Every structure is written in structure tokens, then in C-alpha cells.
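User: I would like to go through the reasoning behind some labels used for this model. Please set each value against its definition.

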Amino acid sequence: MMKQRTIATPIKTVGIGLHSGRKVTLSIKPAPVNSGIVFIRVDTPEQSVVPATALAVCDTRLASVIQKDGVRVSTVEHLLSACAGLGLDNLFIELDGEEVPIMDGSAASFLFLMESAGIAEQEASRQFVVIKKPIEVKEGDKLARLEPFFGFKLDFTIDFKHPAVDKTGQRFVVDFAEHAYRSEIGRARTFGFAHEVEALREMGLARGGSLDNAIVLDEHRILNNEELRYEDEFVRHKILDAIGDLYLVGHPIVGSYVAEKSGHALNNALLRKLLEDPSSYEITSFPENKAPAAYSKESQPLFF
């Protein structure tokens, strides 16, 4: 059977929270089989434990925020996306603040950290959430859907009325049986609009945002001096976010995800609707030679 995975040794870094603007130390440690991905707030008196689950999501304003017993961990999506990309099932993630550091605005730094720690297989079967029937949520002209598919594929369409974004692709499809997470998705940075910054900061958001950790646009152009990492980096980052949001279901998904103008709120609503209907999915393991190509050891494009 395909085996669960964790990191081989602990690893640590320091960064700034995108929304809080506060310095935070992040420590990622190996965890036993069937632990899942668990955040631990070491700055709280009892070192509060907050499991990364869809039902723990409490806020989706420009980030996915999880909470347990009043203790929050915010902006988890980029780190969880990297965990999905590396096929990691079990981790203890310690923080001395509320927010996961933004690093460079993509998943690349987290990929580097965890690969530097080494990837370790564990003596337990890896569990997958297999989509059995279509599940869809809508909000106005926004849509997110999961469909049966023997693999892991994402099809995302954005619609930003902005000259710089219009010049790039606003739809991207990635099938991880054919494409690698690292090269196709992992380096895509978050983005925002300069005219929204003041209002966001009054709401307690984007206080740590800068040209070092986000693509920033004014009314006409991109303000960063460096070029885009992908010609369609904006939509690829939305896929990066979606992969992290979907990983909150607790296991890798075997299915197809389709989205139009979706975001953290709709992604979480989709998972909640899925979990409310036990007939829409099953949790199962795969023998190594019968696993979807996106997850099999022979190809492993998702991981590398």
C-alpha cells in the first residue's frame, strides 16, 4: 500500500505575517502516523493544539483561518499547499504567534524547508478522499465544484478587470499526472491591489504585505520591479491557494476541482458540503501499483 509521509527531522524559520505584520517563528516537526497536520501555538499558556481541518475554519477574509477553543492560526493555505505538493500527511507545526509567515508569498520557501528536512515514509497506509459524485457550491457568479476523477486535476478561472491581469491567462488547468507541483504551481505568489491596502489595514489585514512577498498592482500596472514568475501567475496562485484549502479535508483528494472566481470562503463551503454528504466520497487506500498517477511513486510529478 502507499504509505503515509512526514519529514525526517525538525526544521525552523522566522518570517513576517502577511496580515498581522508581526514576526513569527515557525517550527515544523515530524509527527506519528494518523496525526494529520496539527498546528501548535507555543505562545499560549497551554501550548494550544489546532488541527488543520475544514470544520475548524473560522474566517476566510483573504486567508484561511482555523480555530479551536478560541485559539486561532491564520493564513495556513500556502503551507498546507506545500504539504499537499510534497505528499506529507503528518506534521506538528509550532508557531509563537497567530499567523503563518508569508515568506515570499508563494509555497516555494515551505517546499525548500521541508525538503531540506527530508521526507520520511511511515509504516501506515496513506488515506485518500475519493470523490464519488459531483458536489458544487455557488455564490452569485462564483462557483466551486468537485467531480469524480481518477487523479487530481484543477481547472480555475479568474476574472479581474485590470490591464495587467488581462494581459495574462485568466484560466489554468493542471493535471498532476502530467505536471509537477513545484514547477507549475509552487512558485506562484499572492497578489493585491495598492488602492485596497489602506482599507485592508484598517480591517487589520495586509499589515505585513510588501513588494517582497506579493505582486502589487496599481490601477494600470504591476509595481514590482521583477517580472512575473509565470505568464499567468495570478491564476496559478489561486490554484496554489485552492490546493491548500482543499487539503483541510484531511487527506489528499482523488477527484477533479473546477472553480470560477472562487476563494477561501467558497472552497471551505465546498468541503463542508462534501463532508455533510457521506455518499459523495469515500476514504480509502491504494496499492502502490493501482494508485492514481498523480500520487504514484513511479511518476510522482505532484511531489517533484
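User: What makes the lining of the second largest pocket five nonpolar, six polar and eleven charged residues?

Analyst: The model is predicted. Only Asp, Glu, Lys and Arg count as charged, and eleven lining residues fall in that class. The volume of this pocket is about 360 Å³. Its lining has 22 residues, and those closest to the centre are His19, Ser20, Ser74, Glu98 and Glu99. Glu98 and Glu99 therefore count as charged, whereas His19, Ser20 and Ser74 count as polar.

User: How do you know which domains the lining of the second largest pocket draws on?

Analyst: The domain assignment gives domain 1 (3–126) and domain 2 (128–295). Each of the two supplies at least three residues to the lining.

User: What makes domain 1 and domain 2 partners in a contact, and how many residues does the contact take from each?

Analyst: Contact means heavy atoms within 4.5 Å. On that basis 41 residues come from domain 1 and 38 residues from domain 2. The C-alpha centres of the two domains are 18 Å apart.

User: Why is the crossing of helix 6 and helix 7 called left-handed or right-handed?

Analyst: The name depends on whether the near helix is turned anticlockwise or clockwise from the far one by less than a right angle. Helix 6 (residues 233–246) and helix 7 (residues 264–276) pack at about 35 degrees, with axes 10 Å apart. Their crossing is right-handed, so the turn is clockwise.

User: Which residues meet there?

Analyst: From helix 6, Asp241, Ala242, Asp245 and Leu246 meet His264, Asn267 and Leu271 of helix 7. By class, three are nonpolar, two polar and two charged. The charged pair is Asp241 and Asp245, because Asp counts as charged.

Notes:
Residues are numbered from 1 along each chain as its sequence is written. This is a predicted model: local features need pLDDT of at least 70, side-chain atom pairs count only at pLDDT 80 or more; totals for chains, interfaces and linings use all residues. Side-chain values use heavy atoms; hydrogens and water are left out. On a 1 Å grid over the protein atoms alone, a cavity is a set of points where a 1.4 Å probe fits but cannot get out, and a pocket is an open set with protein on both sides within 12 Å along at least five of seven lines; lining residues have an atom within 4 Å of a point. Grid points are joined across faces, edges and corners, and a volume is the space filled by probe spheres set on the points. Domain bounds come from an automatic or database domain assignment. Axes are lines fitted to C-alpha atoms, for helices over the stretch in contact, and angles run from 0 to 180 degrees between N-to-C directions. Helices (H or I, at least four residues) and strands (E, at least two) are DSSP runs, numbered from the N terminus.
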